[in-house]
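Please open the structure in a viewer and keep the selection tool at hand. The tour below proceeds from one selection to the next and describes what is found at each stop.

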Amino acid sequence: MNHVHQIEFQSPIGIVEITGTDKAIRSILFSEKSDVTMPLSPDSPQVLKDCQQQLEEYFQGQRMDFTFACESAGTEFQQRVWTALTDVPYAETVSYGAIAKAVGSEKAVRAVGNANSKNKLSIVVPCHRIIGANGKLTGYAGTLPRKEWLLRHEKACSENQSV
C-alpha cells in the first residue's frame, strides 16, 4: 500500500513540511507554524529521510541538486513548466518570459506564473529562481523574504564553491 506520510523540520527560514508516499515525495512546502510537530521518525519511509537530509545539506551549502524520487500532479502545461524550472541552473535566475519561451508558449507569461505558483516541490523544482522581466523579485508562495534568502544563499554558496 502507498500511504501518505508527512514530516517537518526546522530550516534557517522556517519549518519545512515534506509529504510523500513510501516511494516518492509529493510536496515540500514552507509552513507558518512556530514549532515542529511531526519530526522524522525511525519508521518514516526512506524517501522522506533522504529528502530531509538532502534539504538540510542544501541549507548548509553542501548540495546543489537532489536525487530522491518526486512526483507531481498537474496539467500537461504545468508539468512542462515545472520541468523547465529544473533546467534553471543553481544560483541563477530567469524571467517568467524565458520559461514561457522554453515551453513553447512565448506569450503565456501569466500562465507560467500561475503554474509556478502551483509548484508543490519548493527548492527541488526551483520556482524561487524565476523573476520578473525587470529583474525584480515577484510572487513566491513561500513568501518573498524566503525567495530573497534562497537566492542570496545559492549565490553565496556558488561563489564559495568557485574559489
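A residue is called buried here when its relative accessible area is under 20%. By that criterion, seven of the seven residues of strand 2 are buried, so this strand is largely enclosed by the rest of the structure. Please bear in mind throughout that the model is predicted.

**First stop: strand 2 and its partners**

Select residues 14–20, which make up strand 2. Next, add residues 5–11, which form strand 1. The two strands run antiparallel and are joined by seven bridges. Two residues lie between strand 1 and strand 2, and together the strands form a hairpin. To follow the pairing at the level of single residues, select Gln-10, whose bridge partner in strand 2 is Ile-15. Then select Glu-8, which stands opposite Glu-17 of strand 2.

Now add residues 25–31, which form strand 3. Strand 3 is joined to strand 2 by six bridges, and this pair also runs antiparallel. The connection between strand 2 and strand 3 is a hairpin of four residues.

Which residue of strand 3 is the bridge partner of Thr-19? It is Ser-27. Keep Thr-19 selected, as this residue is found in strand 2. Its relative accessibility is 16%, and Thr-19 therefore counts as buried. Beyond residues up to four places away in sequence, Thr-19 touches Val-4, His-5, Gln-6, Ile-25, Arg-26 and Ser-27.

**Second stop: an annotated span**

Select residues 9–68. The unreviewed UniProt entry annotates this span as "domain: Methylguanine DNA methyltransferase ribonuclease-like". In the model, the span is 23% helix and 28% strand. The C-alpha atoms at the ends of residues 9–68 lie 17 Å apart.

**Third stop: helix 2 against helix 4**

Two packed helices are described by the angle between their axes and the distance between the axes. Select residues 76–85 for helix 2 and residues 109–117 for helix 4. Their axes are 9 Å apart, and the helices pack at an angle of about 80°. Helix 2 and helix 4 are therefore roughly perpendicular to each other.

To view the contact itself, display the side chains of Phe-77, Gln-78, Val-81, Trp-82 and Leu-85 in helix 2. These meet Ala-111, Val-112, Ala-115 and Asn-116 in helix 4. Classified by residue type, this contact of helix 2 with helix 4 comprises seven nonpolar residues, two polar residues and no charged residues.

**Fourth stop: Ser-105**

Move to Ser-105, in the loop between helix 3 (96–102) and helix 4. Is Ser-105 buried or partly exposed? With 21% relative accessibility, Ser-105 counts as partly exposed. Leaving aside neighbours within four places in sequence, Ser-105 is in contact with Phe-77, Arg-80 and Ala-100. Of these, Phe-77 also belongs to the contact of helix 2 with helix 4. Ser-105 and Phe-77 are 28 residues apart in sequence, while their C-alpha atoms are 9.5 Å apart in space.

**Fifth stop: two residues with positive phi**

Most residues other than glycine have a negative phi. Select Ala-91, which is not a glycine and yet has a positive phi of about 70°. Ala-91 lies in the loop between helix 2 and strand 4 (94–95). Its relative accessible area is 25%, so Ala-91 is partly exposed.

Then select Ile-123, which likewise has a positive phi of about 70° although it is not a glycine. Ile-123 lies in the loop between helix 4 and strand 5 (130–131). With a relative accessibility of 2%, Ile-123 counts as buried.

**Final stop: Cys-127**

Remain in the loop between helix 4 and strand 5, and select Cys-127. The unreviewed UniProt entry places the feature "active site" at Cys-127. In the model, Cys-127 is buried, with a relative accessible area of 6%.

Which residues surround Cys-127 in contact, once neighbours within four places in sequence are left aside? They are Leu-85, Asn-116, Asn-119, Tyr-140 and Lys-147. Among them, Leu-85 of helix 2 and Asn-116 of helix 4 were displayed at the third stop as part of the contact of the two helices.

Note on methods:
Residues are numbered from 1 along each chain as its sequence is written. Side-chain values use heavy atoms; hydrogens and water are left out. Axes are lines fitted to C-alpha atoms, for helices over the stretch in contact, and angles run from 0 to 180 degrees between N-to-C directions. Angles under 35 degrees count as roughly parallel, over 145 as roughly antiparallel, 65 to 115 as roughly perpendicular and the rest as oblique. Contact means heavy atoms within 4.5 Å. Ala, Val, Leu, Ile, Met, Phe, Trp, Tyr, Cys and Pro count as nonpolar, Asp, Glu, Lys and Arg as charged, and the others, Gly among them, as polar. Buried means under 20% relative accessible area, exposed over 50%, partly exposed in between (1.4 Å probe, protein chains only). Two strands pair if DSSP finds at least two bridges between them. UniProt positions are given in the numbering used here, feature names are shortened, and annotations may be inferred rather than shown by experiment.
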